[in-house]
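Visitor: Please give me a close account of chain B, with the cut-off behind each term, and then place that chain beside its partner.

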Amino acid sequence: MKLFEHYDTSSTPPTPVLTITIVNPVNNVQTKIRAYIDTGFSETLLLPEEYYEKLYLMLTEVDEDYYAIHGGIFPTQLKTVIVYIELNGFKKLIKAYIHPYLKKPLLGRSILNMFYLYLKGLEKTVEVEIP
Amino acid sequence: MGKRNVFLRNIDEKVYLEVKARAALLGITVSEAVNMALREWLKKPITKIEVKKDDLRDLAEKLANKCYEEGKRGYIVVVSEKEHYLCDTIEECIDLIKKLYSEKKIKRSIIREIKPKALKFVELGGGGIEII
């Protein structure tokens, strides 16, 4: 199954994004987000703090000591939560991370490596194939 | 900022000679090279990071350590100071929390794997770009 999505052209230069649904597995509260494709991010999904309240993710919080290091200098503690992510029929229970200063959701390699992903830079389009 | 003279003992001879050689190549003094190295070292994060107090997390930590010492494995779900449960998998934890949420309308829970806690660092590609 293939799907196509346009880059986010509000950023300069335009950035590849994927629209995914995040679901709280306990109360089924859900939302659609446009997550930035970040192959430099080793984990699954990094979410801005607002989603912690919005999706009631205090219900699925995991006690872990996770930190993001920015520019090799600035450590920030992250909250770990359990969510479902959904993308065009693909659904998986994952550990996601809440970042207190993040502005845009980031989709990392632990999720991206489950798909075939083609970045058509000239056409500003992402093509995703879910095996 | 003023300068201060410092005498240092026990500097590794090999390191010192390499610093001296590199400083000469760059046309700077050894003192300038040491200042540069110390400034870079001060930028690195300290290993102890202050964390906000959280009673439920503290309890999860205590219970997980106790269970680990008793040889138990799996996960602990803590929903209040007096209420906690043992599960085998994350999926089982979620099913349990779902049940408790529908019955009692719990407002929060903490899931903790029964194993010693390790400090983990997430690799972020964009450095500081993504938080601007």
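Guide: The account below begins with chain B and then turns to chain A and the core. This is a predicted model in which local features need pLDDT of at least 70 and side-chain atom pairs count only at pLDDT 80 or more, whereas totals for chains, interfaces and linings use all residues. Residues are numbered from 1 along each chain as its sequence is written, and chains are lettered from A and ligands numbered from 1 in the order in which they are written.

Chain B holds 4 helices and 4 strands (DSSP runs numbered from the N terminus: helices are H or I of at least four residues, strands E of at least two). From the N terminus on, these elements run α-α-α-β-β-α-β-β. An automatic or database assignment divides chain B into domain 1 (13–43) and domain 2 (55–113). Taken over C-alpha atoms, the centres of these two domains lie 52 Å apart.

Helix α1 (residues 13–26) and helix α2 (residues 30–43) of chain B pack at about 105 degrees, with 9 Å between their axes (lines fitted to C-alpha atoms over the stretch in contact, with angles from 0 to 180 degrees between N-to-C directions). That makes α1(B) roughly perpendicular to α2(B), a label given to angles of 65 to 115 degrees. On α1(B) the contact is made by B:Val19, B:Lys20, B:Arg22 and B:Ala23, and on α2(B) by B:Val30, B:Glu32 and B:Ala33; contact requires C-beta atoms, placed from the backbone, within 7 Å.

Among contacts in chain B between residues at least 6 apart in sequence, 41% join residues at least 24 apart. Of its 132 residues, 13% are buried (20 or more other C-beta atoms within 10 Å of a residue's own).

Chain A has 2 helices and 10 strands, in the order β-β-β-β-α-β-β-β-β-α-β-β. Buried residues account for 34% of its 131 residues, and 61% of its contacts between residues at least 6 apart join residues at least 24 apart.

The largest nonpolar core (buried Ala, Val, Leu, Ile, Met, Phe, Trp, Tyr and Cys residues joined through C-beta atoms within 7 Å) has 46 residues, of which A:Leu45, A:Leu107 and B:Val77 touch the most other members. Strand β6 (residues 74–87) of chain A gives this core its largest share, 6 residues. Beyond its neighbours within four places in sequence, B:Val77 is in contact with B:His84, B:Tyr85, B:Cys87, B:Cys93, B:Leu96, B:Ile97, B:Ser109 and B:Ile111.

Methods. A residue is buried if 20 or more other C-beta atoms lie within 10 Å of its own, exposed if 12 or fewer, and partly exposed in between; C-beta atoms are placed from the backbone. Two residues are in contact if their C-beta atoms, placed from the backbone, lie within 7 Å. Angles under 35 degrees count as roughly parallel, over 145 as roughly antiparallel, 65 to 115 as roughly perpendicular and the rest as oblique.
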